Amino acid sequence: MPYPRLIHWQAEGLRLYRQPVAWWALAALLLVLLASATVAGLDARAWRQAAAQDETAFADKLHAQQLRLQASPAPSAASATATYQLGRSDLGVTRMPVEAGLALGVQRLQVLPSRTKASLDTRHVDSRDPGPLRNPLLTDTGLPGLPAMVALLLPLVALVLCAGLLQEEREQGRLGLLRVQSHYGIGPILLAALGWRLLALWMVAVAATMPALLLDPGATAAVALQWAAALGAFCALWVALGGILSCLPISGATSILAALGLWLALTFAVPAGLVLLAQKAAPLPSRLSAVVALRDAQHQAEDNEQALAEAWYDEHPHIPAQQPAAWPASFVVRVLDQDETLQPLVEQFRQSRVRQAQQVSAWSWLSPGLALALYGEWLAGTDVDSHTRYQQQVDAFEQRWRAFLVPRVMSKQGMRVEELRQLPRFEEPHGHPG
Amino acid sequence: MIASIAAKEMRALLRDGRLSGLGLVLVLLLAAVLVSAVHQRQVAEQERHQVEAAARAQWDHQGDRNPHRAAHFGLYAFKPQLPLSSVDPGIHARTGQALWLEPHKRNMALHAPAADAAPSMGLGDFTPAFVLLALVPLLLAVLGHGSVTQEREQGTLRMLHACGMRGVPLVLGKWLGLCASVALVLAPAALVAGWLLAARQGAAEAAMLLAALGAYYATWAAVTVGVSSRCRTSRGALLVLLALWVGWVFIVPRLAASTVEALAPLPTGEAFWAGIQRDIDQGLPGEGSAAQRMKAFDAQLLADNGVARLEDLPFGANAKRRLFRDAYATKVYALHFGQLWDTQAQQQYLLRWLTAVSPYAPMRAVTSALAGTDLAHQQHFEEAAEQYRERFTTLVDEWDLQATQGVTSFESRYAGNALWQAIPEWTYTPPGIGFALRHSAADWAALAAWLLAALTALCLGARRLNP
């Protein structure tokens, strides 16, 4: 196909410039995306600021625990109790590591457990999430995330600008004139028209969404470039679809309606279908049934608490056995047993979630909007894989936490104040693996 | 005259392939989504009943245990789903499914389905409510955008004007015709929905929902015809209606929710729980610390019973002290949770005002209230669960108070199945339709105001209808 010449670009540029509907549509898109980007950027900024204060908050909590330990100096049963309370305190709270593109996926932190606590208590019944409290009404109604807003609105504007281009010329009787006057046919004219629209859409999308990354102090130029490239591909796809619709032998009104149907299908119906298929392919175990399993594990552990304590002391011969085991030692071994019993169920949940995410991701190319949203979450580090890795990191941290504190409780000696410096800390690895 | 115009509009729309084609697609889609949602709800309710029975059986047959340890094993409260929740799940996905009831502590519900959901765009689930509240208005816009502009483009509007046809009867006739056509198309789906939902204890709510939907669609139809009468071309009218649809359904509610979160934020979980613990430990203003209160209570207890040590009391000392401590903790929890609910209510109030510019928001609130999936119903359930928690923990402590003397060890197991089975079962009766209507009265008023405003604007605009 012949490529557009300068004159084609000039003509189509002038034509777009003189279309007030196009400018209104682009202006509305800019304003709404800018508002969404500002909210996302401020949310990401608030998360990073809170994370920066974690160290100070930890130091304050550590000081409070230090005073408690000083009030019940080791070695003593009171110190063992104070150590047990320390083990259940907020000193074990973690924070999910995120990536440089946090602003593009920060809304996921509203639903994902992102401040999981390592504890000498079981996590499975702890509803005291130290993370943000959310009004479910606002979370349900709230902004879905910047990539989703782009996926929702940009295709509509693209289709309004691009669908019906040739139909409009035909209905106004100018198509024949264009064919006979253009040396190279309609192709270059159409390409030039679509090219200008692609450029306008891409520039508006980048200008409107970049503030989200600019407001996030953790964002990098690399993420900004990756996001801009993704936006370019997304715009190109929808402009191409609009161009194809424009070439169909249908009326302008039908072209608009077909564009609307396409938008509805690719933005709503296809993602819903993919989620349904993923849920059928990898169904999640039932949370309610998990409650029954948890209670069974709790009962079993309580019935066997003395045997569990005895077994623990046998495995740790360097700790003098304190039999019969009493609170808090008896509670600690029960929790260890419960969590071990429930671990396969926890793994089932994780594996199902990961498989569902893989299924959705593998077919997300069927819905450009879904693919863009998932890419945004990947850049933000709030996708399912990142969250699963975080949960595994918390598990490992909890093992270190318990390995450090449990012997000090079971020995009924407690921990000395100077040992607080050796308390395990949650390390936040960064960067996607591989 | 208006009836003739309405009949003519209906005939034209019925002959137009768009009504039958798009209408059929919409009806089939609604039926499929509704049948799936009703089935899912039935399965979920069945599972809830089974799990409730299993959890209760675990409680009833837990054998010999220390009563306080057993109380901490606790009971669970699971929120039932009303029949209309199949239509609009509301906030169900964002709230926990299971509430653990134990002594000393008031917990928040666990296991919100949204945390386990497969990755999606986050634009909301494809529910019957989405079809009814978002897609049907779009159908109205697609069918009705050319109701006046086509007359203008074909030149028939000028002819009607020349024949003395006034604008108001014309647009009202077109409005009625549009409403009647869509109602005809949706009638089969309404019958199927009525059979699926109303047969299962939801007749009154379903009837109110139908009335609300009628007002909602009438509003959208009035807006559609009104925009058509003001625009010069059909394409222009369609674009304006699309912009309104996207703005009202997707943008206004979402931007408003984010604004409300910024204006009236909730505390962090850490601050919330720390505040409760601080008030329990240090006491509410003027009430002394926990240690001081306990010391005073112990002294009074010993004095009242004429003994010198807790071990000499003729009843269970631990239980007596627990009842005292837990009463104070319950008061503190009620205070903090009450403040949390008040803040959420304030957020809802702000949201209602900020979304007043969209008819979608009040309609969504009305369907959610009728479905029992709004904040008010969630609060009702949690308050009922909290009252049950106080009741069952008090019963266990009162039994322990009578069954023991002095100070007993937490390691000794002296309570058995007779006590566990004597605790009344948790039963929850969701509030009736009156509750839903009271808590959504403002939203009903907003919906009525929208209908009135849309019809008034339609009539005022029709007076200056320019052929």
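**Strand pairing, helix packing and chain contact in a predicted model**

Q: Which residues of strand 2 of chain B point the other way from B:Ala98 and B:Trp100?
A: This is a predicted model, in which local features need pLDDT of at least 70, side-chain atom pairs count only at pLDDT 80 or more, and totals for chains, interfaces and linings use all residues. Residues are numbered from 1 along each chain as its sequence is written, while chains are lettered from A and ligands numbered from 1 in the order in which they are written. Strands are DSSP runs of E of at least two residues and helices are runs of H or I of at least four, numbered from the N terminus; a residue is buried if 20 or more other C-beta atoms, placed from the backbone, lie within 10 Å of its own. B:Ala98 and B:Trp100 point one way from strand 2 of chain B, and all are buried, including those on the other side, B:Leu99 and B:Leu101.

Q: Which residue is the bridge partner of B:Tyr76 in strand 2 of chain B?
A: Strand 1 and strand 2 of chain B run antiparallel and are joined by four bridges, where pairing requires at least two DSSP bridges. Within strand 2 of chain B, the partner of B:Tyr76 is B:Trp100.

Q: How are helix 9 and helix 14 of chain B oriented to each other?
A: Helix 9 (residues 203-230) and helix 14 (residues 360-371) of chain B pack with their axes 10 Å apart and at an angle of about 175 degrees. Axes are lines fitted to C-alpha atoms over the stretch in contact, with angles from 0 to 180 degrees between N-to-C directions, and an angle over 145 degrees counts as roughly antiparallel. Helix 9 and helix 14 of chain B are therefore roughly antiparallel.

Q: Which helix supplies the largest share of the side of chain B that touches chain A?
A: Two residues are in contact if their C-beta atoms, placed from the backbone, lie within 7 Å. The contact takes 67 residues from chain A and 60 residues from chain B. Among the elements of chain B supplying at least two residues each are helix 2 (17-60) and helix 13 (317-354). The largest share, 15 residues, comes from helix 10.

Q: What is the radius of gyration of chain A?
A: Chain A has 16 helices and zero strands. The globule rule (2.2 Å times the number of residues to the power 0.38, with the radius taken over C-alpha atoms) gives 22 Å for 434 residues, so chain A is more spread out than a compact globule, its radius of gyration being 29 Å.

Conventions. A residue is buried if 20 or more other C-beta atoms lie within 10 Å of its own, exposed if 12 or fewer, and partly exposed in between; C-beta atoms are placed from the backbone. Angles under 35 degrees count as roughly parallel, over 145 as roughly antiparallel, 65 to 115 as roughly perpendicular and the rest as oblique.
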